[in-house]
Amino acid sequence: MAWTGKILRVDLTAGTCTSEPLNMQWAADYLGQRGLATKYLMSEIDPKVDPLSPENKMIMATGPLTGTSASTGGRYSVITKGELTGAIACSNSGGFFGNEMKNAGWDMIIFEGKSDKLVYLLIQDDKAELIDAAQYKGASCWDTEEGIKAKHGDAFIRVASIGGAGENGVKYACIINDMDRAAGRSGVGTVMGSKNLKAVAIRGTLGVKVKDRERFATAVAAGKQVLADNPVTGTGLPTYGTQVLMNVINESGALPTRNHKDIQFEDAHDISGEAMHEPRKSDGKPNLVSNAACFACTIACQRVSTIDRTHYTVKDRPEYHKASGGLEYEAAWSLGAACGVNDLDALTFANFLCNEHGIDPITFGATLAAAMELYEMGVINDENTGGVKLNFGSAEALTTMVEQTCKSQGFGVELGLGSKRLCEKYGKPELSMGVKGQEFPAYDGRGIQGIGLAYATSNRGACHLRGYTIASEILGIPVKTDPLETDGKAGLVKAFQDATAAFDSAGICIFSSFAWTLDDVAPQIDAACEGDWSADRLLELGERIWNMERQFNLAAGFTGADDNLPARLLKDAAKTGPAKGKVSGLETMLPEYYQLRGWSADGVPTPETLTKFGL
Amino acid sequence: MQKSLHISADDCTGCYQCVLACSDEHGYDFNPMKSVIQVFKFEDEGRYVPYTCTQCDEAWCQKACPTDAISVDANGAKVVSEALCVGCKVCTIACPFGTINYNADSGKVIKCDLCGGDPACVKACPTSAITFVNSDTAQFDKMRAWAGKTDAGTQQSN
């Protein structure tokens, strides 16, 4: 119950699809999705494997609550060794694809090997087959999804696909489902492309069962009420989406600007959630058309937007006049403040293209920001960029380069490397703003100290979604802590990381945790699944998962020295705002963090810690 | 008092909570394909529209049924008798709105039955896009909104 108890194993080398039972002991120890799929990956691949080799595997996994009426219960994740980072990758996506996998009767799909030609996987309940995808070679995610639905004459098929970027080896290609939902980070789409797998198309009609229907209904209703009553999930996110944060983080002095040279953006308002509501001059309509929900989600934070039809990017391109997935905060920051660009329509256009062709807008924007700094320093010039002036603040540079990167043309080929490889290539590795090869998201570790530690220790490289201390340090959830203070942040980061690993393994969205604690989640899992599920058990499971991911990375060759931040955050003091004069206090937080984790001084889990979690 | 489902698509986020509640309430687990309320998405316009049976007074489905399997319950809902339905699907052809459909699992047709007067979709909807209201006054809120617009600024202040 809640689990379907079945895994689909797809051997792309042999071209076969086989069903096998889910390991229920592992499900009891790792729950589902992120935790359970990582357990499978660790038991089946050598962490030292080349991410793009046939020996790497890629797992699409649901959680036990995926496909149920639990609010936000539509999530699935892609787990693999990431090409961008070489670390464990786990990218989580919403939309409706996760439910479809579960409704077709599968907890997970494990892809192994490499197909000798481009194929897509079609699943119709218990029937699965690999189909030639030659006709979709180079096609965008949008054209692939629409093409597969039309070909099979079924608008209810759900599709997750890569665009040309994933086929061409852009290091941060996404997997896009439902047109604008993404398993976005760490290059999971690049791994999919290396396997010659273009898309996964699913139609599920079997239904998802829970253990105790009545108790589940009660727990779900209680959970929905908590989300409705909370100001963030009940009001802020539906109204402004994650973009509610743009002005807040800017005022907090933690909005990385121009490749982290500044930490406040003078034009933050122009690219904010509030600006998306304001009528534009040309037609009097706002950028924002509506909010929207992923499967079963009662928060509905998604933005649906249009681009001003008179804007230079689309005035002659009517195909971009329709509404589509609009700017979330992270993308608005990376395409906007990180590059110093204040043109909301240019940002929206760039975001559309990232969705259409399947690249991660966070890494793209951050990589372009690094390239802009290289350009302004004279390290690269017009010869490198094909004559495009890569100055901070140039909307034209943004929209030209996003298209070149999506289509692997011109200087876009180099931007497709990500900032670490790009900056190393030009002899300026210190200009790459990230950790373990993955670029920072939209918060500066000088202005918000805890998130700096969370970035440095995140198992998938710099990431806000592995321990979102912003909730506490800025929003006061569950309790307010001082963003400029380092004391107590080691414990805060650990608590967020462990709880998040449990949320990410359940099939629900981490945004629910603005309102829910594990005390709200446990009754839903307990009513849905076999076994006795308490908040304490989930927290322990989360910590087990964190240590397992750490073991993967250590075995892959990472060490404690990789739990670091770029010199800019450690040495260059913030110039303005509440954090003026501050650098990251990582060196004081990290030793305490290792100690709380039960790790050695160089960041390795002690034998006692491993024994405690059965690892 | 007869009550009707009142759907305000403007308030719908496309979350499927109504769809899930419907299939669960009728014993089909969480299975969007077995729900008799569906949410249609017009992605290019950012619109989400829940749609289900409106319980016609002179119901095409009921008139077309050769076995008199469709009757009216105390709430005015047109209800299919599983015992009498033979799965001929004539009602599905007769319904102009497509809101009665054949279910291959049971070999019968399924349609909205208003859950015996306490619709599950209404309770599940997080934005009150679906409400269960007095049929006679179902559209009064819309009238009120237009009345406000029509009369705006025309009355003398007192």
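Let us start with helix α12 of chain A, residues 344–357. With 14 residues at 1.5 Å a residue, this helix should span 20 Å, and its end C-alpha atoms are indeed 20 Å apart, so expectation and model agree. Keep in mind as you look around that this is a predicted model.

Now look at the surroundings of the helix. Of the 14 residues of α12(A), 14 are buried, so the helix is largely enclosed by the rest of the structure. Both ends are worth a visit too. At the start of α12(A), A:D343 has a side-chain oxygen that comes to within 3.1 Å of the backbone nitrogen of A:D345. Just after the helix, you meet A:G358, which takes a positive phi of about 80°.

From here we can move on to the salt bridges. Over all chains, a search of the whole structure finds 49 of them. One of these joins the side chains of A:K137 and A:E167, at 4.0 Å from N to O. The two partners link distant parts of the chain, 30 residues apart: A:K137 sits in the loop between β8 (127–132) and α4 (141–151) of chain A, while A:E167 belongs to helix α5 (residues 164–167). Is A:K137 buried or exposed? Its relative accessibility is 64%, and because exposed means over 50%, A:K137 counts as exposed.

A second pair to find is A:E373 and A:R568, whose side chains meet in a salt bridge of 2.6 Å, N to O. This pair also links distant parts of the chain, with A:E373 in helix α13 (residues 361–377) of chain A and A:R568 in helix α23 (residues 567–571), 195 residues apart. Here the cut-off to remember is that buried means under 20% relative accessible area. A:E373 has a relative accessible area of 5%, so this residue is buried. A:R568, with 13%, is therefore buried as well.

A third salt bridge stays within one helix. The side chains of A:D498 and A:K494 meet at 3.1 Å, N to O. Both residues lie in helix α20 (residues 489–503) of chain A, and they are 4 residues apart, about one turn of the helix. A:D498 and A:K494 are both buried. Elsewhere, salt bridges that share partners tie A:R9, A:E20, A:E44, A:K57 and A:E112 together into one network.

Finally, let us turn to the place where the two chains meet. How many residues of chain B are in contact with chain A? There are 24, and they touch 35 residues of chain A. Between them, the chains bury about 2100 Å², with 52% of that area on carbon and sulfur atoms. Three residues stand out on chain B: B:Q17, B:F30 and B:M33 supply 27% of the area that chain B buries against chain A, more than any other three residues.

Salt bridges appear here too, and the rule finds 2 of them across the interface. The side chains of A:R213 and B:D24 form a salt bridge of 2.8 Å, N to O. In addition, 13 residue pairs are in polar contact across the interface, with both residues at pLDDT 80 or more. On the side of chain B that touches chain A, α1 (17–25) and β2 (38–42) of chain B each supply at least two residues. The largest share, 4 residues, comes from α1(B). By type, the residues on this side of chain B divide into 10 nonpolar, 6 polar and 8 charged.

Terms used
Residues are numbered from 1 along each chain as its sequence is written. Chains are lettered from A and ligands numbered from 1 in the order in which they are written. This is a predicted model: local features need pLDDT of at least 70, side-chain atom pairs count only at pLDDT 80 or more; totals for chains, interfaces and linings use all residues. Side-chain values use heavy atoms; hydrogens and water are left out. Contact means heavy atoms within 4.5 Å. Buried area is the accessible area (1.4 Å probe) that two parts lose on being put together, summed over both. A polar contact is a pair of N or O atoms within 3.5 Å; within protein, one must be able to donate a hydrogen and the other to accept it, and residues adjacent in sequence count only if both atoms are side-chain atoms. Ala, Val, Leu, Ile, Met, Phe, Trp, Tyr, Cys and Pro count as nonpolar, Asp, Glu, Lys and Arg as charged, and the others, Gly among them, as polar. The expected span of a helix is 1.5 Å times one less than its number of residues. Buried means under 20% relative accessible area, exposed over 50%, partly exposed in between (1.4 Å probe, protein chains only).
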